Structures are given as C-alpha cells and as structure tokens.
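Me: I'd like a close look at a single part of this structure, followed by a walk outwards from there. I'm in my first year, so please take it step by step.

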Amino acid sequence: MSENADPADIFRQESAELLELLEQALLDLERSPGDRDLINTAFRALHTIKGSGAMFGFDQVAAFTHEFESAFDRVRKGEAAPDRELIAIALNAKDFIRSQIERPEEADAVIGVCILADLRKLVAAAGVGSPPEVAPARPAEGTSEPSTWRLRFRFDKDVLVNGANPLLLIDELRSLGECRATVDCARVPALDEIEPDACYLDWDVLFTTEHPRSVIDDVFLFVLDEMELKVEPVAAGETAAPAAPTSDAPSTPVHAEPAAGASEASAKRAGAKETSTIRVPAERLDEMMDRVGELVIAQARLTQLAAAGGGAMGVAEEIERLTSALRDAMMGIRMVPFGSLFGRFRRLVHDLSRDLGKEIDLTTAGEDTELDKTMIERLADPLVHVIRNAADHGLEEPEARAKAGKPKAGRISLVARHAGAEVLISVGDDGRGLDAKRIRAKAEEGGLIAPNAVLSDAELHQLLFHPGFSTAKTVSAVSGRGVGLDVVKRTTEGMRGSVDVTTEPGQGTQITLRLPLTLAIIEGLLVRVAGARYVVPLTAVEECVELSAADDSRSKERSFLNIRGDLVPFLRLRELFDEPGEPDAHQKVVIVTAADTRVGLVVDQIIGSHQTVIKSLSKLHADVPSFSGATILGDGAVALILDVPHLIALGQAREMRIKASAPEFA
Amino acid sequence: MSDVEPSLRQVLMLGLAGEVFALDARQVREILDPVPVTRVPGAQSFVSSVLNVRGKVIPLADLRVRFGMPPASITPDSRFIVLEIDLAGEPTTIGIVADKVYEVTELDAATLEKAPPIGMRWQPEFIAAIAKWKDEFIIVPNMKQILN
C-alpha cells in the first residue's frame with residue numbers, strides 16, 4: 001500500500017469489510033434469532049462504522065449509522081426480536097450505508113429517513129410497547145432509580161499500545177453518573193523494570209447512575225477483550241469508600257451477558273491474530289508472478305543445458321526444487337478461499353426468496369476451497385446467473401412442491417471442491433429438473449438444431465448456454481430473458497474451464513463449473529505437428545493413442561476413431577494448421593475432452609509434459625481461434641497453446657455434418 | 001535534438017526489397033538479430049508468426065506482404081526491429097522484419113511530401129509520407145494503418 005494512501009480510501013475499504021460482516025450477521029440472525037453473539041457482532045460492526053465514519057469526515061454515514069445503531073440497540077437489549085421483517089429492513093439500511101459511502105451522490109437522504117422510520121416502527125412494535133427513550137424497567141438491567149455499582153477493572157499491560165485510554169473511559173463513566181474512582185498501584189513494578197508504554201494500574205470505581213446496567217458494558221465495549229471487568233451492585237446505604245482491593249469479597253461473575261459474547265469473539269480474534277494478514281496491491285502480485293514465470297522458464301533452460309553438458313546437473317536440480325517451491329508459494333499468495341464469494345450469494349438467495357415468494361434454503365460446502373483471486377472475481381457474475389436460474393426456473397412454486405411431496409422450502413446448494421488440478425463449483429437445486437422436450441422444441445423453434453436431429457442429453461443441455469436461449473414461458477424480473485447462461489459458458493471457457501449439466505426430472509438440476517486452479521501456469525502436454533511444437537493443457541487430455549494405419553487410411557472420408565466402443569471424431573492438426581508434407585510414420589492421437597465431449601487431435605509426436613507459463617497473444621492475433629495463448633519453451637522458442645473448447649467445437653461441427661449427411665451412421 | 005530543431009525528425013532507416021523505409025525512432029525499442037520464430041496457423045499473412053523477446057511473446061509483422069513485395073528468406077543482414085505502437089489505445093509491442101538496417105538519421109520535415117494518390121504500386125493509406133534522403137526517395141510507412 002502506498003504511504004500516501006487517502007485515509008478516506010482506507011475507511012471505504014474497512015467499512016466494506018464491516019458491512020459484509022454486518023450482512024452475514026444479519027442473515028445468520030434470521031436463522032437463529034436468539035444468538036447473542038451475532039447480535040453483538042452486528043452491533044460492533046455498526047458501532048465501528050459510526051466511529052470511523054465520523055473520524056474520516058463521513059458525517060452523513062455517521063449520522064445514519066447512529067440512528068440505525070440506536071434502533072438496533074433495542075434488539076441487543078432483547079426488547080425487540082430480530083424477525084424476518086426487521087432483518088429485511090436492517091439489510092436495506094446496510095445497503096443504504098454502503099451507497100452513502102461508495103456513491104454518496106446516489107444515496108438520497110429521503111430513502112434513509114424512510115428506512116429509519118420503518119426500522120423504528122418495527123423495533124417499537126416488537127418491543128413491549130414503550131418508546132425506546134424509556135427503557136422498560138427490568139430489575140436485572142437497571143431502573144430509572146439511581147443505583148450504585150462497584151466496578152473493578154484491570155487492563156492488559158499493552159492496552160495503551162493498542163490505543164485505548166483508561167482515563168477517557170473513566171471520563172465517559174463520569175458523564176453517565178457519579179463516579180468515585182480509586183487507583184490500585186499494586187501491580188506497578190520497580191522503577192527500572194517499568195516499561196513506559198505499559199499499563200500497570202487497576203481501578204476501583206463506585207458508580208452511581210440512573211442508566212441501566214448495560215451502559216457500563218457500552219463504555220467498555222471496545223476494550224472488553226483487553227481487560228477484566230467486575231461489576232457488582234451495591235446496596236443503597238453501602239456507598240462507603242471502596243474497600244482495599246485485597247479483599248476477596250464474592251463478586252458477580254466477571255463476564256456479564258454481553259461480555260460473554262465479546263469474550264468469545266475475542267477468542268476468535270486472538271486466533272485470527274496468529275495468522276495475521278497484509279494487504280498487497282494486486283498489481284504487485286501480478287508483477288511478481290511474471291518474475292516467477294520467467295524464473296521457471298530460465299530454470300527449464302538451465303536443466304536442458306545441464307543435461308547436455310553434464311557438469312551442472314546438481315545445481316540445476318537444486319534450482320529446480322527452489323523454483324517450483326517459489327512458484328507454489330507465489331500461487332498460494334494469489335489464492336483466496338471460496339467462502340469470500342459464497343457470502344454474497346447468501347444475500348442474493350435471501351432477496352430471491354423474497355422476490356419470488358419461494359422459501360429457499362441455501363446450503364454451502366467447501367468454503368475453504370481456494371482459487372486464484374482473479375478467477376474468483378470473474379466467477380461472481382456467472383454464479384449469480386446460475387443461482388438466479390436455479391431459484392427461478394429450477395425450484396417449483398410452493399404449491400407444485402407440495403403436490404410433489406417435497407419439503408416446502410426449496411434447496412439450493414453451493415459446493416466448491418478440488419478434483420485433481422481442477423476446482424469444481426456446483427450449484428444444485430432440488431427442483432423440477434430440465435425438461436428435455438421443451439429444450440428441444442425451443443431449439444428447433446429457434447433454428448438452433450435441425451428438426452429431429454439426434455442429440456445426446458449432454459448436447460441438448462449445452463443448448464441452454466446458447467445466447468438468447470430460454471425455455472421460460474414468461475419473462476420474470478429475475479430471469480427468463482435468455483441472457484445469463486451464455487455468460488456463464490463464455491466466462492468459464494475464457495478461464496479454460498467448462499460447464500457440465502446433470503439433471504434428474506423431478507429431482508433437480510446441478511450445474512458444475514470446472515476450472516483450472518490458476519490462470520498463470522498450467523501443466524501442459526507438449527506435442528509436435530510437422531516442425532512446430534504446441535502445448536495441450538493437460539487437464540483436457542484424457543489419453544493418448546496411436547493412430548492405426550487402418551484408421552488413418554479409412555479416415556479419408558470419415559474421421560472417427562473407435563475408443564473402446566465409442567466413436568470419437570478426430571482432427572488432423574497438420575491439415576488444420578496447413579502444414580505441407582507427409583506426416584510421420586507413427587502418428588499419435590491426443591484425446592481431449594471438455595463438457596463430456598471428446599475429440600482426438602492427430603499429432604506427429606508427443607514430446608512430454610511441460611510446465612507452461614501462459615503468455616497472452618497480442619491483439620493482432622485475436623482473430624485466431626485455435627490458440628488460447630503461447631508459452632516459451634526451454635530453448636527460448638515460442639509454442640502456441642491449443643484452445644481445446646474451440647477444437648472440440650470444430651470436431652463436433654464435423655461430426656454433426658457427417659451425421660446429417662449419413663443418418664444411418666448414427 | 002528534435003526539441004531544438006522541430007523541423008528535424010529522428011528516424012531509423014531500413015531496407016526492404018530494394019526500397020528504403022524510415023521509421024520514427026521514438027517507436028523503436030530495439031534491433032535484434034533474427035531468432036527462430038513460431039508460425040501462427042490461421043493468422044493473417046502479414047502477422048504470420050510470433051517470437052520471444054525477453055520473455056514476452058510478440059507478433060512479427062512482415063511489411064513485404066502489405067506492400068505486395070515478393071517474399072524473401074532471412075539473410076545475414078536481416079534484422080528484427082522491435083517497435084512499440086499504440087494500437088486502438090493500447091501500447092503494443094511488435095516486431096518487423098528488415099532486409100537491412102542502415103542508420104539512425106535526421107529527416108528534414110520540409111522534405112516530407114504526401115504520397116501521390118496515383119502512380120504508385122502501393123496502397124496509399126499505408127504510406128504516411130515520401131521523403132528525400134541522399135538523393136533517394138524513401139517511404140515513411142503509416143504503421144497504424146498497416147497493422148490495422
């Protein structure tokens with residue numbers, strides 16, 4: 001981070017995180033309304049936004065958040081229950097804060113006023129019928145009669161270093177009632193052992209106030225993790241000078257109710273501290289990735305030289321080990337867990353459920369699965385489309401579900417997991433499943449396929465991803481316009497991934513995105529076609545077979561291989577790439593696969609596996625569809641990387657043509 | 001120098017199929033001895049290959065194709081000239097092939113003339129100007145048009 005970063009930017013960044021936290025807490029709260037931890041988390045997030053908002057000059061944000069906080073305080077005090085309606089308003093309020101921070105010109109103050117009015121109405125209605133100003137008299141919480149408390153608190157030694165100021169806290173107490181404070185200096189060490197920035201003092205305060213007990217916790221809200229606080233009620237006549245702190249008089253437990261939540265949260269935070277994080281601008285990572293990429297290439301050259309010369313082999317191996325470790329570490333830095341993305345979808349599903357009038361349960365698994373950061377960002381939009389589709393088209397109306405004997409709440413599951421060098425992200429629903437007949441009818445109507453064309457289920461499902469294709473009978477606000485799924489396909493393929501669909505009529509549909517772990521370096525299979533070398537991404541390679549002389553000669557008219565009973569179309573890369581001359585005697589076929597479709601690529605030689613650092617091709621080659629990029633080989637030459645989905649599409653087109661011209665063949 | 005004498009422009013002179021071309025020296029990044037290149041099947045014929053320049057994969061353009069000159073093979077005099085050109089708002093590094101590189105020199109802007117619309121073998125939009133240098137006519141190509 002540059003040293004002259006705009007403080008307002010820091011606030012924006014921090015508040016974005018806090019708002020996310022708030023949103024998660026609110027959504028969780030909807031499911032478990034009684035959870036005090038969640039209420040406290042939400043409250044804390046609000047409080048921090050308010051505080052730092054005021055500090056960085058976001059006065060409107062601070063003012064609105066303050067009102068929001070006051071209303072929400074009634075929830076915290078247990079005077080209003082966080083029901084569905086309240087959560088919905090609170091989420092709106094959170095959105096409003098976000099727009100106030102990010103796009104202040106769009107955040108109309110009137111909206112804020114309305115949201116607050118709704119919020120106040122709700123918490124008032126949900127409460128015991130008294131306006132928030134007059135807190136209901138609950139003996140345990142405090143009364144409007146003055147009551148006296150004895151507070152003993154002891155701070156951690158490094159509380160000052162962390163920015164808290166005990167004197168200010170006592171001043172704050174003083175503003176709430178009468179205070180008599182005595183200091184206990186028992187912990188102060190000998191002069192030569194004193195660390196000037198450590199706090200050695202303990203306090204004993206007699207505090208008389210008309211406010212309820214909870215104000216005490218409010219004062220210490222942000223230092224509770226770093227202190228011990230004992231609060232005990234003192235009977236009216238007993239306001240003598242505080243006893244010497246040596247007394248071991250029985251006292252109420254250290255942690256009052258709100259403090260319990262706080263301490264648990266603090267335990268979590270302590271755990272988080274151990275794996276401290278640092279923000280690094282993405283460009284720096286990209287730059288470092290480039291350097292590591294170059295190192296990998298240089299190392300490959302070194303290995304080649306050492307193998308030829310002999311002497312340096314040991315050094316070359318050592319450097320190889322270091323390089324690959326460095327590469328893995330570098331990749332690791334770029335990885336972020338999927339959970340960061342899942343969070344957003346909870347809100348989406350919440351809103352979809354409301355808009356569509358369908359009850360939806362979202363289950364997620366594999367939040368820890370890690371994926372390259374840039375990929376996670378690019379995946380957000382496509383996944384929104386898939387989830388919308390699942391909610392709108394996949395899940396039936398409540399009545400239809402009841403008729404089918406399914407539980408009232410539809411289920412959408414979001415799962416991320418590793419499978420080899422790929423990451424699979426599945427969005428599943430337990431809805432009606434895809435209607436193959438309707439897809440076919442629509443495709444024929446739209447001229448996408450010839451009437452009565454023979455298509456496998458997988459091929460039929462792929463039609464869903466065609467631009468403008470939609471089987472929805474009506475267009476809703478949510479989906480049905482036929483834009484969306486094609487975005488999913490395009491984005492996934494842009495990252496060298498693929499999309500699979502599995503469906504069971506009446507049981508549901510599952511859409512799975514298969515993605516490589518990273519965009520920067522892949523394992524490749526190096527092949528030779530005539531004099532040129534090409535890289536096939538290894539994740540797409542299923543197997544390699546020899547092209548038999550019989551297949552070779554027969555294939556003049558039909559280019560099909562028989563792979564264990566399946567007919568697999570094949571492409572001769574020599575022909576495709578216009579290489580003149582005769583092919584090698586023993587040609588090989590690399591069977592590649594994407595989205596359950598296989599195509600064979602005929603090459604002259606398979607050289608071996610190759611660690612491929614991907615370089616993009618320039619704009620001048622943007623019109624060349626067969627290649628997705630290039631890489632630099634150990635000898636410094638450039639090899640092109642084959643674009644497997646494109647080649648498969650070519651193979652399929654050829655297959656379709658052959659099937660169309662010879663129907664009996666299928 | 002062009003700061004002092006705005007009428008003079010620094011250019012790199014290169015030979016191609018018997019003609020002399022002048023490239024704006026500010027565009028030139030480096031001049032390389034020929035290295036093996038990789039053909040890109042399916043690419044347009046004037047950018048038929050790519051090469052590795054310091055870890056970057058850049059396209060190699062052949063001006064001969066654009067100017068309808070006969071193809072020629074690489075000779076000991078051949079050079080690859082690496083240029084940085086703004087293509088559609090994006091700085092793009094490309095290489096071009098030259099039969100021979102002469103020198104960096106100054107062209108007097110006063111000697112620049114617009115290409116005559118008729119009487120030329122070449123497409124006029126590929127030529128930014130015709131200039132005179134040592135009693136010879138030289139071509140200042142319009143690289144943006146050529147690569148478009």
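**One strand and its surroundings**

Reply: Let's begin with a pair of residues: A:Y534 has A:L640 of β21(A) standing opposite. Keep in mind throughout that this is a predicted model. The two residues belong to a pairing in which β13(A) and β21(A) run parallel, joined by 2 bridges.

The strand to look at closely is β13 of chain A, covering residues 532–537. Is it enclosed or open to the outside? A residue counts as buried if 20 or more other C-beta atoms lie within 10 Å of its own. In β13(A), 5 of the 6 residues are buried, so the strand is largely enclosed by the rest of the structure. For background, 34% of the 666 residues of chain A count as buried.

β13(A) also pairs with β12 of chain A, residues 521–529. Here the strands run antiparallel, and 6 bridges join them. To find one matching pair on your screen, look for A:G524, which stands opposite A:P537 in β13(A). β12(A) and β13(A) form a hairpin with 2 residues between the strands. In that hairpin, A:A530 takes a positive phi near 55 degrees. So far, then, you have met an antiparallel pairing of β13(A) with β12(A) and a parallel pairing with β21(A).

Now follow β21(A) to the next chain. In total, 21 residues of chain A are in contact with 22 residues of chain B. β21, at 638–642, supplies at least two residues of the side of chain A that touches chain B, as do α9 (282–309) and β20 (627–632). That side of chain A has 13 nonpolar, 4 polar and 4 charged residues.

Having reached chain B, you can look at one of its sheets. It is an open sheet of 6 strands with mixed pairing, in the order β3-β7-β8-β6-β5-β4. β3 (28–32) and β4 (38–39) of chain B are at the edges with a single partner strand each, so one side of each has no neighbour in the sheet. The partner to trace for β3(B) is β7 of chain B, residues 79–87: they pair in the antiparallel sense over 4 bridges. Within that pairing, B:V28 stands opposite B:L83 in β7(B).

Back in chain A, try the same reading on another open sheet, with 5 strands in the order β6-β8-β9-β11-β10 and mixed pairing. Its edge strands are β6 (360–365) and β10 (498–504), and because each has a single partner strand, one side of each is left without a neighbour in the sheet. From one strand to the next, the twist averages 15 degrees. Helix α12, residues 373–394 of chain A, packs on this sheet, touching β6, β8, β9 and β11. The direction of α12(A) makes about 25 degrees with that of β9(A).

At the β10(A) edge, 7 bridges join that strand to β11 of chain A, residues 508–516, and the two run antiparallel. One pair to spot there is A:V501, opposite A:I511 in β11(A). Across β10 and β11 of chain A lies helix α16, residues 485–494, running at about 135 degrees to β10(A).

Helices meet each other too. The axes of α2 (residues 36–55) and α3 (residues 59–76) of chain A come within 8 Å and cross at roughly 155 degrees. That angle makes α2(A) roughly antiparallel to α3(A), and their crossing is left-handed. Among the residues that meet are A:I39, A:F43 and A:L46 in α2(A), and A:V61, A:F68 and A:F72 in α3(A). By class, this contact divides into 11 nonpolar, 4 polar and 4 charged residues.

A second helix pair is α1 (residues 7–31) with α11 (residues 339–356) of chain A, whose axes come within 10 Å and cross at roughly 50 degrees. α1(A) and α11(A) are therefore oblique to each other. Their crossing is left-handed. In this contact, A:E20, A:E23, A:Q24 and A:L27 of α1(A) meet A:G343, A:R346, A:R347 and A:H350 of α11(A). The contact holds 1 nonpolar, 3 polar and 4 charged residues.

Finally, step back to the whole chain. Chain A comes to 19 helices and 21 strands. Of its contacts between residues at least 6 apart in sequence, 69% join residues at least 24 apart. The pair you began with, A:Y534 and A:L640, shows how residues with quite separate numbers can stand opposite each other.

Note on methods
Residues numbered from 1 in each chain as written. Chains lettered and ligands numbered in written order. Predicted model: local features only at pLDDT ≥ 70, side-chain atom pairs only at ≥ 80, totals over all residues. Pairing = 2+ DSSP bridges. Axes fitted to C-alpha atoms, helices over the stretch in contact; angles between N-to-C directions. Contact = placed C-beta atoms within 7 Å. Nonpolar A, V, L, I, M, F, W, Y, C, P; charged D, E, K, R; others polar. Parallel < 35°, antiparallel > 145°, perpendicular 65-115°, else oblique. Left-handed = near helix turned anticlockwise from the far one by under 90°. Buried ≥ 20, exposed ≤ 12 C-beta atoms within 10 Å, placed from the backbone.
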